[in-house]
Amino acid sequence: VPIVYGQDVRDWWNVDDSRAVTRGRVAWEGSNEDTNKLRLYILAWKNPRPDTKVTSIDFISTNTSAGAPFCVAMTVEAVGAKSAAGRANKPPVSSRSSTRPAMPRPSTTTKPAALSAEQKVLDLFVGNWEGSTVVYKTKWTPKETRGTITWSYERILGGRFIQSNEKGADGTTGLCLVTYDVRLKSYRMWFFNSQGVTLDCLGKWDVKTRTMTYRPARPDGITKPVAKVQFMDDNTIKWGWLIKDRQGDIVFQMKGKHTRVKQLPKRKDAATTRPAERSAEQKVLDVFVGNWKTTTAIPNGISLTGKSSIVRILGGRFIQERKRTSDGKTYLQLVTYDVQRKRYRIWYFDSRGGMAESQGKFDAKTRTLTVVNNQDNGFTNTSKVRVVDNDTFEWTSVTRDPDGKIIFQIKGKQTKVGKAAK
């Protein structure tokens with residue numbers, strides 16, 4: 001049964017002003033937390049072999065477009081009966097009243113996300129941890145060193161992510177984010193620290209050994225890193241990092257053991273005691289630091305307001321934005337300048353489970369930061385942030401399909417309202 005974009009279906013977000021299809025028909029219209037114009041299509045098909053039992057149905061892509069159809073419901077009808085397609089768009093008969101079904105409207109409060117079994121695994125990490133570490137003598141570290149590190153894990157962004165704030169006795173600070181990616185069927189872990197280290201890893205959980213094993217999301221082909229975190233019991237963790245080169249020789253090895261504690265010891269924040277030397281490119285980000293009032297315009301005339309706080313973290317190497325909008329959603333962004341790539345890098349996370357990484361450049365003449373995210377499905381998102389003055393910046397975000405057609409765009413403005421919290 002062929003399902004062809006433009007003939008049977010279109011994007012379920014109505015971003016094309018209700019452009020018609022040539023074969024299918026709209027069966028339902030409604031809304032969700034992001035737009036008040038959604039649609040689902042219906043397709044009727046005459047089975048040439050009605051006496052043959054159907055045991056399974058597969059969606060198989062021809063790989064000629066970025067479309068990803070999904071099935072909401074399916075039924076069968078006797079020969080001669082009026083097809084479901086012929087009844088589409090007519091209101092259902094109900095004991096209450098004839099009304100068009102609609103998805104829930106945006107909420108004004110943030111409700112915790114319903115946690116899957118995979119997400120609940122991360123509850124093991126939530127809490128305060130104190131432990132010791134040893135970095136062994138290897139090719140990259142010619143001298144063995146020992147130290148201590150504290151972790152503090154909490155759920156953020158509606159419970160979809162856990163975040164750890166890490167502090168070492170040597171003044172190094174770190175930030176770790178973990179979630180379960182349903183699309184990849186894998187855990188995702190991002191790590192950032194005050195030395196400029198950034199990691200993006202995929203993880204697998206072994207229920208029997210209670211071990212999380214991480215490997216790079218994008219292997220560089222030069223090294224083979226692997227990290228393992230094992231729960232000896234609910235209050236004790238043993239973990240380690242091991243990196244080998246192409247020849248299989250160990251070039252880095254680090255191990256640690258952490259114990260859950262009720263309260264962490266007091267320690268000075270390295271962000272204030274040991275600030276990193278900031279380049280001219282890093283100083284560009286200073287203009288964004290502060291507390292902001294936000295407005296966002298999305299399709300179909302929807303306008304949102306919100307509050308944002310942007311601060312420097314991890315020894316000043318990164319800026320972090322935490323934002324909440326009037327529909328109850330929360331957002332987290334991290335931005336830094338990567339000296340090796342000679343690009344600004346942005347990591348985006350939200351309470352719907354959204355996550356993205358972009359890279360870009362800053363135009364000093366127009367005071368505009370342009371960042372691009374090339375997605376695996378061929379879609380491209382381009383965002384531009386223009387500094388109007390030291391108290392105002394405006395931004396746009398445009399998503400295009402593989403053919404270059406705009407399928408979604410939003411814009412916003414942020415106005416400074418005071419100093420950022422320390």
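**Figure 1. In this predicted model, a lysine sits over a tyrosine ring.** Start with K323: its charged end lies over the ring of Y331, 5.3 Å from the ring's centre. Is Y331 itself buried or exposed? Y331 is buried, with a relative accessible area of 14%.

**Figure 2. Y331 also has an aromatic partner, Y348.** Stay with Y331 and look across to Y348. The two rings form a tilted pair, with 6.2 Å from centre to centre and 45° between the planes. Y331 belongs to strand β16 (residues 330-338) and Y348 to strand β17 (residues 343-350), so the pair ties together parts of the chain that are 17 residues apart in sequence. While Y331 counts as buried at 14%, Y348 is partly exposed, with a relative accessible area of 23%.

**Figure 3. W292 and F393 meet edge-to-face.** When you look at a pair of aromatic rings, two things describe it: the distance of the centres and the angle of the planes. What are those two values for W292 and F393? The centres are 4.8 Å apart and the planes stand at 70°, so this pair is called edge-to-face. This pair links distant parts of the chain, since W292 is in strand β13 (residues 290-298), F393 is in strand β21 (residues 392-400), and 101 residues separate them. Both partners are tucked away: W292 is buried with a relative accessible area of 2%, and F393 is buried as well, at 6%.

**Figure 4. Seven aromatic residues gather in one cluster.** Who's in the group? The cluster is made of F125, W129, W151, Y153, W205, F231 and W239. If you feel like hunting for more rings, the structure holds 17 aromatic pairs.

**Figure 5. T296 in strand β13 touches several parts of the chain.** You'll find T296 in strand β13, and at 9% relative accessibility it counts as buried. Which residues does T296 contact once its neighbours within four places in sequence are left aside? The answer is I302, S303, L304, W395, K411 and G412.

**Figure 6. Ten strands, from β13 to β22, close into a barrel.** Here's the sheet that holds several of the residues you've just met. Follow the order β13-β14-β15-β16-β17-β18-β19-β20-β21-β22 and you go through a closed barrel of 10 strands with antiparallel pairing. Neighbouring strands of this sheet are turned by 25° against each other on average, ignoring direction.

**Figure 7. Strand β20 pairs with β19 and also with β21.** Zoom in on strand β20 (residues 380-389). On one side, strand β19 (residues 368-374) runs antiparallel to β20, and the two share 7 bridges. In that pairing, T370 stands opposite K384 in β20. The two strands form a hairpin with 5 residues between them, and G378 in the turn has a positive phi of about 95°. Strand β20 also pairs with β21, again in the antiparallel sense, over 9 bridges. How many residues join β20 to β21 in their hairpin? Just 2 residues make the link. Check the partners too: T382 stands opposite V398 in β21, and S383 has S397 as its bridge partner in β21.

**Figure 8. Another closed barrel runs from β3 to β12.** This barrel has 10 strands, in the order β3-β4-β5-β6-β7-β8-β9-β10-β11-β12, and the pairing is antiparallel. From one strand to the next, the twist averages 25°. For a closer look, pick strand β10 (residues 223-233) and strand β11 (residues 236-245), which pair in the antiparallel sense over 10 bridges. In this pairing, T223 stands opposite D245 in β11.

**Figure 9. How sure is the predictor about this chain?** The mean pLDDT is 84, and 84% of the residues reach 70 or more. Watch out for residues 87-111, where the pLDDT is below 50; beyond near neighbours in sequence, this stretch has 43 contacts in the model. Residues 269-273 also have a pLDDT below 50, with 8 contacts beyond near neighbours in sequence. Where pLDDT is low, don't read the predicted coordinates in detail.

**Figure 10. Stepping back to the whole chain.** Its secondary structure comes to 4 helices and 22 strands. Of the 422 residues, 38% count as buried. Take the contacts between residues at least 6 apart in sequence: 42% of these join residues at least 24 apart.

Technical notes. Residues numbered from 1 in each chain as written. Predicted model: local features only at pLDDT ≥ 70, side-chain atom pairs only at ≥ 80, totals over all residues. Heavy atoms only, no water. pLDDT = per-residue confidence, 0-100. Contact = heavy atoms within 4.5 Å. Pairing = 2+ DSSP bridges. Axes fitted to C-alpha atoms, helices over the stretch in contact; angles between N-to-C directions. Phe/Tyr/Trp six-rings, centres within 6.5 Å; stacked < 30°, edge-to-face > 60°. Buried < 20%, exposed > 50% of the residue type's maximum accessible area, 1.4 Å probe, protein only. Lys NZ or Arg CZ within 6 Å of the ring centre and 35° of its normal.
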